[in-house]
Amino acid sequence: MSNSPVSATAPANDPTFENVWDEIVWRGLVHVSTDQEALRALLAGDPITYYCGFDPTAPSLHLGNLVQLLTMRRLQLAGHKPLGLVGGSTGLVGDPGGRDSERVLNPVETVEEWVGYLRAQVERFLSFEGDNAARIVNNLDWTAPLSAIDFLRGIGKHFRVGTMIKKDAVAARLNSEAGISYTEFSYQILQGLDYLELHRRYGCVLQTGGSDQWGNLTSGTDLIHRVEGASVHAIGTPLITNSDGTKFGKSAGNAIWLDPEMCSPYRMYQFWLNTDDADVVTRLKVFTFLTRDEIEEYERLVAAEPFRREAQRRLAREVTAFVHGTDATAAVIAASEALFGQGDLTALDATTLRHALDELPHATVPAGTGVLQALVETGLVASLSEGRRAVAQGGVSLDGLKVDDESAIVSGSLPGGVSVLRRGKKTLAGVFVTA
């Protein structure tokens, strides 16, 4: 698992907006919130402390979490002070939101390990320098010392069961066949406690999260109002979906993770590059720091010259650089161009090339394998005879060179001991050659 910091681009908020509230509204980042006028005034005033939580339910964050990280970064760039909360305790319990069955409880040791991974990832997207330096906190620090009696008397007494079961996530589970356990039912109390503790310790007055978390967000605002008599705020960002209504960031059950070992920079770049024209402007608003003028120009280009896919290329470059750094992004762009005949395959970075070939049809073959057999193994042809015809017709190339001899051997001559087979102009496959 890679946790080393990346060299992300240095973003800036759009200077055409005087108030960061107006900018996040224009970018479509406010689906639901507490009092909007009060929030607008709050964010225009002196620096405030705000937080967002991330539960260690996997060893990496994903694109849904990236929406929150970028929102946090925008608020920090406006001068406000972020708290990145990693849920060492809530990750042990499980959130009922967005699922129709009980979450499998991970071993304590696994959750502890994942806390470290997520903490390192969150740290890559925020600044820890200056007057509004970020802090990372772990809610296990204040929940672990609590006894069950202390928790019930000090916190539980402020929650009404009638209100709790009306929360969307809980209501959906109560009406499901699986129901809901007390463990997951208590999640909203724990998240409310988090907000209360951060309000007391750091003066935190704003929490951000996905709109599917709205019931949990308001459990905190309500608890602080009851216990402290203070008014605090919450913002629920929209759940990002594609224009056809499908879930964003998932393909055949595979999430787009932020860790490069779980989702390579090449795969991430290609994911953004394949964004539909109907979605690309919205993605530019949410996932990049391009200005309104720049995004509106790309909107014009999408309408006038969609075949150029300028907006998709800029989106892919910006997000991949922010997540994985400019060097990795340059490497994947070079690999993408070389694979499709616009660069030198032999000059590519070996790791990036292997990741790129992982995304293509590919096969692993022993050294000395003939090109015809490799064509069959990779699925570029259905049979050896079809392979012979393809070679005879001049339609096969190996490592960028046309194959004239059907007895040619796949040598794995490219960096990392791989080869690239091409049939026709656009049909590619990777070959991993073993010794």
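This is a guided tour of a predicted model, moving from the whole chain to its sheet, its salt bridges and two places on its surface.

**The whole chain**

Begin with the full C-alpha trace, which spans about 80 × 50 × 40 Å along its principal axes. Colouring by secondary structure should bring out 20 helices and 13 strands. Of the 435 residues of the protein, 51% count as buried, while the exposed area comes to about 19700 Å², with carbon and sulfur atoms supplying 49% of it. If you display contacts between residues at least 6 apart in sequence, 73% of them join residues at least 24 apart.

**The five-stranded sheet**

Next, select strands 9, 13, 12, 10 and 11, which in that order make up an open sheet of 5 strands with mixed pairing. Strand 9 and strand 11 are its edge strands, each of them pairing on one side only. As background for this view, strands of a sheet pair through backbone hydrogen bonds, either parallel or antiparallel.

Now narrow the selection to strand 13, residues 427–434, which is mostly covered, with 6 of its 8 residues buried. In which sense does strand 13 pair with strand 9, and in which with strand 12? With strand 9 (residues 362–366) the pairing is parallel and runs over 5 bridges, whereas with strand 12 (residues 418–423) it is antiparallel and runs over 6 bridges. To find the register on the strand 9 side, show Val365, whose bridge partner in strand 13 is Val433; on the strand 12 side, show Arg422, whose bridge partner in strand 13 is Leu428.

Then follow the chain from strand 12 into strand 13, where the two form a hairpin with 3 residues between the strands, and stop at Gly424, which takes a positive phi near 75°.

**From strand 12 to helix 20**

Stay with strand 12 and show the side chain of Arg423, which forms a salt bridge with Glu386, the closest N and O atoms being 2.7 Å apart. This pair links distant parts of the chain, since Glu386 belongs to helix 20 (residues 384–392) and Arg423 to strand 12, 37 residues apart. Arg423 counts as partly exposed because its relative accessibility is 27%, a value between the 20% under which a residue is buried and the 50% over which it is exposed.

While helix 20 is on screen, add Arg388 and Glu406, whose salt bridge has its closest N and O atoms 3.4 Å apart. Glu406 sits in the loop between strand 11 (401–402) and strand 12, and Arg388 in helix 20, so this salt bridge ties together parts that are 18 residues apart in sequence. Both partners are partly exposed, Glu406 with a relative accessible area of 39% and Arg388 with 38%.

**A network across helices 11 and 12**

The structure holds 14 salt bridges, and another one to select is that of Glu228 with Arg200, where the closest N and O atoms are 2.9 Å apart. Here too distant parts of the chain are linked, with Glu228 in helix 12 (residues 214–228) and Arg200 in helix 11 (residues 187–202), 28 residues apart. Glu228 is partly exposed at a relative accessible area of 36%, and Arg200 is also partly exposed, at 47%. Extend the selection to Glu197 and Arg201, and you have the members of one network, in which salt bridges that share partners join Glu197, Arg200, Arg201 and Glu228.

**Two stops on the surface**

Switch to a surface view and select Ile149, Leu152 and Tyr182, which form a nonpolar patch with about 330 Å² of accessible area together. Ile149 lies in helix 7, residues 148–154. Is Ile149 buried or exposed? Its relative accessibility is 53%, so Ile149 counts as exposed, the limit for that class being over 50%.

For the last stop, centre on Asp244, found in the loop between strand 6 (233–237) and strand 7 (250–251). Asp244 counts as exposed as well, because its relative accessibility is 57%. Which side chain does the side chain of Asp244 contact? Show Thr246: its side chain makes a polar contact with that of Asp244, at 2.7 Å. To set this loop against another point of the chain, draw a C-alpha to C-alpha distance from Asp244 to Asp14, which lie 230 residues apart in sequence and 29 Å apart in space.

Terms used: Residues are numbered from 1 along each chain as its sequence is written. This is a predicted model: local features need pLDDT of at least 70, side-chain atom pairs count only at pLDDT 80 or more; totals for chains, interfaces and linings use all residues. Side-chain values use heavy atoms; hydrogens and water are left out. Patches are made of residues with over 30% relative accessible area and no salt bridge: like charges are joined within 9 Å, nonpolar side chains (Val, Leu, Ile, Met, Phe, Trp, Tyr) within 5 Å. Accessible areas come from the Shrake-Rupley method with a 1.4 Å probe; for residues, only the protein chains shown count as cover. A salt bridge is a side-chain nitrogen of Lys or Arg within 4 Å of a carboxyl oxygen of Asp or Glu. Helices (H or I, at least four residues) and strands (E, at least two) are DSSP runs, numbered from the N terminus. Buried means under 20% relative accessible area, exposed over 50%, partly exposed in between (1.4 Å probe, protein chains only). Two strands pair if DSSP finds at least two bridges between them. A polar contact is a pair of N or O atoms within 3.5 Å; within protein, one must be able to donate a hydrogen and the other to accept it, and residues adjacent in sequence count only if both atoms are side-chain atoms. Contact means heavy atoms within 4.5 Å.
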